[in-house]
Amino acid sequence: MTSQQRLADAFVALAGGTRDGPLDVSGTLAVLATRSPSLLGVRAAGVVFAPGERAEVEVAGSDPKVSRMEHDASERREGPGHDCHRGRRPPVQAALDGRPARQRWPHYAPRALELGYARVAALPLRGPAGTSGALVLLSGRQGPFSPDALALGQSMADFTAIALERAGEADRSRTLNAQLELALTSRVVIEQAKGILATRLSLTMDDAFTLLRGHARSHQRPVHDVAREIVEGRADPALLDPRL
């Protein structure tokens, strides 16, 4: 497989391929982390993702040790991924054995050095709604990352952010549609129950709803459940015959 084919395959995988259903967040982050090293010519990669201030941080790594390192860094609110994600504008890349890195990341830098990494770069995951995370690139060499690698890495990070943001919007839209459908169905059932009560007890529609709501409240039950029982002929006899 040529490098162009591998790159195209990576972007297809980041987009979710041809799978049905919503985009898998964890799977997409794993794709970005595991494919970045070979495509960008780096030794390892990690991804930090949290689409909102209160969102739980998700982490992925090209290997388990990197995953644990990035996870621990996110819990400490430390490291290039955290800084990049939170908009603190760290250097695009930094030497892990340098004084700035050790001072800024007192736990992250020594641990990365122990794992054999010498240099790190953090690229933001940028979507229309803002920065949702960071792609962390790790090199075993002191030399700087190539501009081409950083440019391609940024494109992959941005593509991932946009794909996940669009998937989140689609998921919220499906949830909203389901809620609206449920509300509409509930409203129809309640109107049917009101009609039955109004006919059986010679009430106005407003009075029928008052009776329905009062019965539901007195029995600590949802109005919709009581209404459905009326429509299905399973209502409390006392509700349909005040003499009982």
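**From helix 9 back to the core**

Just after helix 9, glycine 233 adopts a positive phi of about 75°, a value that, like the others here, comes from a predicted model. Helix 9 itself spans residues 223-231, and its buried residues are His224, Val226, Ala227, Glu229 and Ile230.

Towards the N terminus, the packing of two helices can be followed in some detail. Helix 1, made of residues 3-14, packs against helix 2, made of residues 25-40, at an angle of about 165°, and their axes lie 9 Å apart. Because angles over 145 degrees count as roughly antiparallel, helix 1 is roughly antiparallel to helix 2. The crossing in which helix 1 passes helix 2 is left-handed. On the side of helix 1 the contact is formed by Arg6, Leu7, Asp9, Ala10, Ala13 and Leu14, while helix 2 contributes Thr28, Val31, Leu32, Arg35, Ser38 and Leu39. By character, the residues of this contact between helix 1 and helix 2 comprise seven nonpolar, two polar and three charged.

The largest nonpolar core has 29 residues, of which Val47, Leu125, Leu135 and Leu137 touch the most other members. Two or more residues of this core come from each of helix 1, helix 2, strand 1 (44-49), strand 4 (119-127), strand 5 (130-139) and helix 7 (147-201). Helix 7 provides the largest share, eight residues.

Leucine 125 shows what surrounds one of these core members: leaving aside residues up to four places away in sequence, Leu125 touches Val47, Phe49, Gly130, Thr131, Ser132, Gly133, Ala134, Leu135, Ala157, Asp158, Thr160 and Ala161.

How values were computed. Residues are numbered from 1 along each chain as its sequence is written. This is a predicted model: local features need pLDDT of at least 70, side-chain atom pairs count only at pLDDT 80 or more; totals for chains, interfaces and linings use all residues. Side-chain values use heavy atoms; hydrogens and water are left out. Axes are lines fitted to C-alpha atoms, for helices over the stretch in contact, and angles run from 0 to 180 degrees between N-to-C directions. Helices (H or I, at least four residues) and strands (E, at least two) are DSSP runs, numbered from the N terminus. Angles under 35 degrees count as roughly parallel, over 145 as roughly antiparallel, 65 to 115 as roughly perpendicular and the rest as oblique. A crossing is left-handed if the near helix is turned anticlockwise from the far one by less than a right angle, and right-handed if clockwise. Contact means heavy atoms within 4.5 Å. Ala, Val, Leu, Ile, Met, Phe, Trp, Tyr, Cys and Pro count as nonpolar, Asp, Glu, Lys and Arg as charged, and the others, Gly among them, as polar. Buried means under 20% relative accessible area, exposed over 50%, partly exposed in between (1.4 Å probe, protein chains only). A nonpolar core is a set of buried Ala, Val, Leu, Ile, Met, Phe, Trp, Tyr and Cys residues joined through side-chain atoms within 4.5 Å.
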